[in-house]
Amino acid sequence: MRARLLNDAYLRLMKGRLEKIERFSSAAGEVQRAQLRYLVERAADTEYGRRYGFDAIRTEEDFRRKVPLITYEGLQDYVERLMRGENYLLWPDKITSFAKSSGTTRSKSKYIPVSREAFQYCHIRGGKDLFALYIREHPESGIFYGRNVSLGGSLHPSPQAGIVCGDVSALITCNLPFWTGFRRSPRREIALLHNWEDKLEGMVKDTLHRDVRGFLGVPSWMMLYLERTLAASGKDTLREVWPNMELFVHGGVSFDPYRTQFKALMGEPFRYLETYNASEGFFGIQDSLSQPDMLLMLDYGIYYEFVPVEETEKEQPRAVGIEDVEVGRNYALAISSNAGLWRYLIGDTVMFTSVRPYRFRISGRTRHFINTFGEELIVENADKALSATCTETGIEIRDYTAAPVFLDNRNRACHQWLVEFVSEPADLRDFSLRLDKHLKEVNSDYEAKRSHDLMLKQPQIIPLPQGTFLRWLEAKGKLGGQHKVPRLSNNRELADEILSLAGLSDPETKNA
């Protein structure tokens with residue numbers, strides 16, 4: 001009864017927001033055009049705005065004609081100047097926070113500017129909205145009566161005084177309203193620890209004896225924390241540790257490969273909710289647990305454009321707005337935002353599952369794919385096929401990556417899957433055959449290239465020693481937070497690096 005009263009109060013507080021979200025179904029184009037007008041008017045007097053004539057932009061077509069699509073390489077010089085203390089380059093505000101993520105061809109890391117408006121009206125608004133949408137669907141929830149454990153990243157050394165750099169989750173932690181601390185764990189000083197082992201130990205101690213109701217984080221890192229907590233508790237199940245736990249809000253990587261493992265650890269009843277909160281912005285929320293996809297959030301100070309994947313290699317790729325997307329088509333996502341990102345290709349690909357409302361799923365990365373032999377395998381295919389294989393066999397995995405094995409005088413062309421199993425399958429060949437079957441089911445190009453073993457042979461499964469991916473991430477300075485292992489590579493660089501680290505630089509093929 002008490003929980004219901006608190007939930008009702010929160011929903012009354014969020015009534016206006018929920019009504020605006022409802023408009024996404026009937027007025028998506030109108031909402032997005034309003035976002036674009038706001039952005040170009042606010043930034044018209046910045047250096048970027050003057051360069052591309054923002055003051056003369058009246059329509060979406062004007063915007064696409066005047067302003068180029070860019071990747072990080074097109075943004076980097078501006079970012080470096082911002083980090084040296086220059087202002088009003090991309091956005092009419094002093095930018096002091098930068099989300100650090102994996103690098104580009106020019107540098108080890110990239111730094112995404114995050115303005116005060118982006119924190120308030122994008123990232124933090126997204127958190128408020130996800131709880132409102134969840135409670136609207138589950139009014140009996142007790143999520144506000146206990147602690148919610150957030151497992152995020154860390155702050156990183158900054159190039160100069162006054163500049164704050166870190167994983168976007170750490171930057172959000174630093175900018176949350178003070179009152180969120182009453183229902184959030186661990187304590188801020190633990191949440192921001194840079195050393196991953198110290199953070200894990202601190203989190204376990206801080207949360208073991210609290211009334212934990214929810215969890216927020218990347219699945220692979222959350223699994224480590226939960227396993228450590230269970231071991232420290234001396235209990236048989238997590239339900240004995242936290243009898244009132246009910247929700248895991250996840251994002252960052254596909255949940256499919258982890259679903260079986262989490263269900264075994266968390267038990268039932270338990271709920272899972274996906275979000276899409278990237279360094280560049282908060283884009284999507286699973287607004288209903290009965291729907292496996294996410295609702296595109298249209299009024300967070302972001303204007304979206306979608307580039308058909310087949311256009312991305314062209315010199316002048318064609319982009320479309322929200323009203324022109326097609327269900328089932330793969331798009332590279334470009335955004336213009338209240339942090340000063342302009343027609344910026346963030347590197348993710350999405351696929352819409354409906355347009356009233358606009359629901360979508362993340363289908364992969366523009367650079368994370370395997371297409372060496374014309375098979376056009378994307379991350380979504382790989383996650384789905386591996387998840388189905390694990391369900392069939394009862395096998396659980398911790399992490400994986402896949403890369404091509406090229407045809408030469410020693411090798412048959414195939415895909416090599418480096419997998420860290422919770423427990424290795426007794427029959428790797430059977431696991432490979434099942435994975436191959438499911439890959440054919442979800443990708444017709446792969447199926448065609450596998451026909452009669454003429455071009456592409458059966459997948460090669462290489463089991464990795466426990467902890468291999470963690471050691472690789474540590475070697476790269478990427479432990480914790482938003483960092484994750486790339487799922488697919490179109491070359492051998494990452495796979496050979498990991499095999500060498502595991503002492504398997506010339507692994508025996510047990511299943512090909």
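**A tour of the sheet and two cysteines**

Select Gly217 and look across to strand β8: the residue standing opposite is His250. The model on screen is a predicted one. Now widen the selection to the two strands involved. Strand β7 covers residues 212-217 and strand β8 covers residues 247-250; they pair in the parallel sense, over 4 bridges.

Next, show the whole sheet. It is open and built from 11 strands, with mixed pairing. Going across, the order is β6-β3-β7-β8-β9-β10-β11-β15-β14-β13-β12. Pick out the two ends, β6 (184-185) and β12 (302-308). Each has a single partner strand, so one side of each is left without a neighbour in the sheet.

Keep β12 in view and add helix α3, residues 28-42, which packs on the sheet. This helix touches β12, β13 (330-337) and β15 (358-365), and its direction makes about 115° with that of β12. Then select helix α14, residues 379-393, which also packs on the sheet. The strands that α14 touches are β14 (344-355) and β15, and the helix direction makes about 90° with that of β15.

The last stop is the cysteines. How many disulfides does a search of the whole structure find? The search finds 0. Select Cys390 and Cys414 to see why: the closest cysteine sulfur to that of Cys390 is in Cys414, 19 Å away, which is too far for a bond, since a disulfide needs the two sulfur atoms within 2.5 Å. Are these residues buried or exposed? Cys390 counts as buried, at 4% relative accessibility, and Cys414 is buried too, with a relative accessible area of 3%.

Conventions:
Residues numbered from 1 in each chain as written. Predicted model: local features only at pLDDT ≥ 70, side-chain atom pairs only at ≥ 80, totals over all residues. Heavy atoms only, no water. Pairing = 2+ DSSP bridges. Contact = heavy atoms within 4.5 Å. Axes fitted to C-alpha atoms, helices over the stretch in contact; angles between N-to-C directions. Buried < 20%, exposed > 50% of the residue type's maximum accessible area, 1.4 Å probe, protein only.
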